[in-house]
Amino acid sequence: MALVLNEEQSMLRDSARGLISDKAPVAHLRQLRDGKDATGFCVAAGVVMEEIGRTLMPSPFLSTAVLAASALSRGGSAAQKSEHLPKIANGSLLAALAIDEGAKHRPLQTQMAAVRAGNGFRLSGAKAFVVDGHTADLLIVAARTAGAAGERDGLTLFLVDPKSKGIETERTAMVDSHNAARIEFSNVEVNADGVLGEVDHGGALLEGVLNIGRGAVASEMVGLSEEVFSRTVGYLKERKQFGKLIGEFQALQHRAAQLYIEIEITRAAVLKALQTLDGNFDNAGAAVAVAKARAGSTATLAVQEGVQMHGGMGMTDQFDIGFFMKRARVCQELFGDNNFHADQLARMKNY
C-alpha cells in the first residue's frame with residue numbers, strides 16, 4: 001500500500017485544515033490559557049489529528065471521538081453502544097479514558113481495585129493525567145479485578161458516571177495549557193451493566209484502544225512538527241543579520257533540510273501505522289510503537305530547532321513557538337514515551 005493519502009483522505013485533510021485554522025488558531029489556545037479557562041476546548045467535529053496539531057486546538061476529539069468511541073465500538077455491548085455512541089456522534093456526551101495512576105504511562109501497572117459487591121463491583125484508587133476528565137460525562141476506567149500489578153490478565157474496563165458517589169475530581173492544567181484531571185475513587189459502585197468487555201480479560205481491549213490513541217497522537221505530532229517547520233522557514237526568510245537574510249547561511253539551510261527529511265520520514269511511519277490499524281489491527285502494535293516513538297523524537301527536534309533558529313525571540317511568550325514546544329512534550333508522554341515504546345518493541349521481538 002502506498003504511503004500517501006488517497007484523494008478522499010486529501011480532501012478531508014484540506015477541509016479540516018480550513019475549518020480548524022479559521023475556528024481554532026493558536027491564538028485561541030493563548031486566550032484559554034490567559035483566561036485560565038476551566039473547560040479547555042471548543043466544540044469541533046469532522047477534524048483530523050494532524051490538523052489539530054497545526055493549531056494546537058484544545059478539543060475533546062481525542063478523548064471522546066477517538067478513544068472512548070473506539071473502546072465502546074470494539075468492546076461495548078449492544079445496549080452500551082446504543083446508549084452512548086449516538087450521543088458521542090451528536091456531541092452531547094464527552095468521555096475520558098482513566099488509565100494511568102503514576103507519572104509515567106504504564107497501563108499494566110494498574111493497581112486500582114475492583115472488588116465484587118452484590119450485582120457489580122466497588123472501585124477504589126486514583127487515576128492521574130485523565131485528559132478532559134474534569135468535563136467528562138462518562139469515564140472509561142481500567143481497574144484490577146484479579147492478578148497483580150504488571151500482569152495483563154485481571155484487568156477490566158468499566159463505564160463509570162463521574163457524578164457517582166465516592167468520586168472526587170481535581171482539574172489540573174498541564175504544561176501545554178490543556179487540561180487533565182486527577183480522579184479519586186472511594187468505594188464507587190458500578191453494576192454489572194457497567195463492565196465494558198470481559199471481566200478479567202480487558203487487557204487486549206485496552207491495548208487496542210491505546211494503540212488507536214497512540215496513532216492519533218503521533219498524527220498530531222506530525223502536524224505540530226510541520227507547522228513549526230513552516231513557521232521557522234518563514235522566519236529564516238524574513239530575519240536579517242549582518243545585512244543578510246539568515247536563511248542564506250548554509251548551516252541553517254542544512255539544519256532546515258535535515259528537519260524536513262525527518263518530518264517526511266515520520267509522516268510515512270505514522271501513515272503506515274494508521275494503515276496497519278485499519279488493515280491488520282491485531283498485529284499493529286509494532287508499527288504503532290515505531291510511529292509514536294519516531295513522532296515524539298521528530299516533534300522534539302522540530303521545536304528545539306524552531307526555538308534556536310528564532311534566537312532570543314523564540315524564548316519569549318510573545319512568539320507562539322513556545323506553545324508548540326510544550327505541547328510536543330505532553331504528546332511525547334501521552335500513551336507512552338520513546339523509552340516505553342522501545343521496550344514494547346523489544347518484548348515483541350523476544351516473543
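A polar contact is a pair of N or O atoms within 3.5 Å. One such contact is a stop on this tour of a predicted model.

**Strands 2 and 3.** Start by selecting strand 2, residues 113-117, together with strand 3, which covers 120-127. The two strands pair in the antiparallel sense, over five bridges. To see one pairing, pick Ala114 and look across to its bridge partner in strand 3, Leu123. Next, select the turn: strands 2 and 3 form a hairpin with two residues between them. Gly118 sits in this turn and has a positive phi of about 60°.

**Strand 7.** Keep strand 3 selected and add strand 7, residues 179-191. Strand 3 pairs with strand 7 as well, again in the antiparallel sense, over seven bridges. Select Gly120 to find Asn191 of strand 7 standing opposite.

**Asp132.** Now follow the chain past strand 3 into the loop that leads to strand 4 (138-144), and select Asp132 there. Asp132 is buried and has no salt bridge. Which side chain of opposite charge is nearest to Asp132? Select Arg327, and the distance is 8.4 Å. A salt bridge would need a side-chain nitrogen within 4 Å of a carboxyl oxygen. Then select Ser63: its side chain and that of Asp132 are joined by a polar contact of 2.7 Å.

**Helix 7.** Last, select helix 7, residues 250-279, and find Tyr260 in it. Is Tyr260 buried or partly exposed? Tyr260 counts as partly exposed because its relative accessibility is 44%. Add Ile261 and Ile265 to the selection: with Tyr260 they make a nonpolar surface patch of about 280 Å².

Notes:
Residues are numbered from 1 along each chain as its sequence is written. This is a predicted model: local features need pLDDT of at least 70, side-chain atom pairs count only at pLDDT 80 or more; totals for chains, interfaces and linings use all residues. Side-chain values use heavy atoms; hydrogens and water are left out. Helices (H or I, at least four residues) and strands (E, at least two) are DSSP runs, numbered from the N terminus. Buried means under 20% relative accessible area, exposed over 50%, partly exposed in between (1.4 Å probe, protein chains only). Lys and Arg count as positive and Asp and Glu as negative; His and the chain ends are not counted. A polar contact is a pair of N or O atoms within 3.5 Å; within protein, one must be able to donate a hydrogen and the other to accept it, and residues adjacent in sequence count only if both atoms are side-chain atoms. Patches are made of residues with over 30% relative accessible area and no salt bridge: like charges are joined within 9 Å, nonpolar side chains (Val, Leu, Ile, Met, Phe, Trp, Tyr) within 5 Å. Accessible areas come from the Shrake-Rupley method with a 1.4 Å probe; for residues, only the protein chains shown count as cover. Two strands pair if DSSP finds at least two bridges between them.
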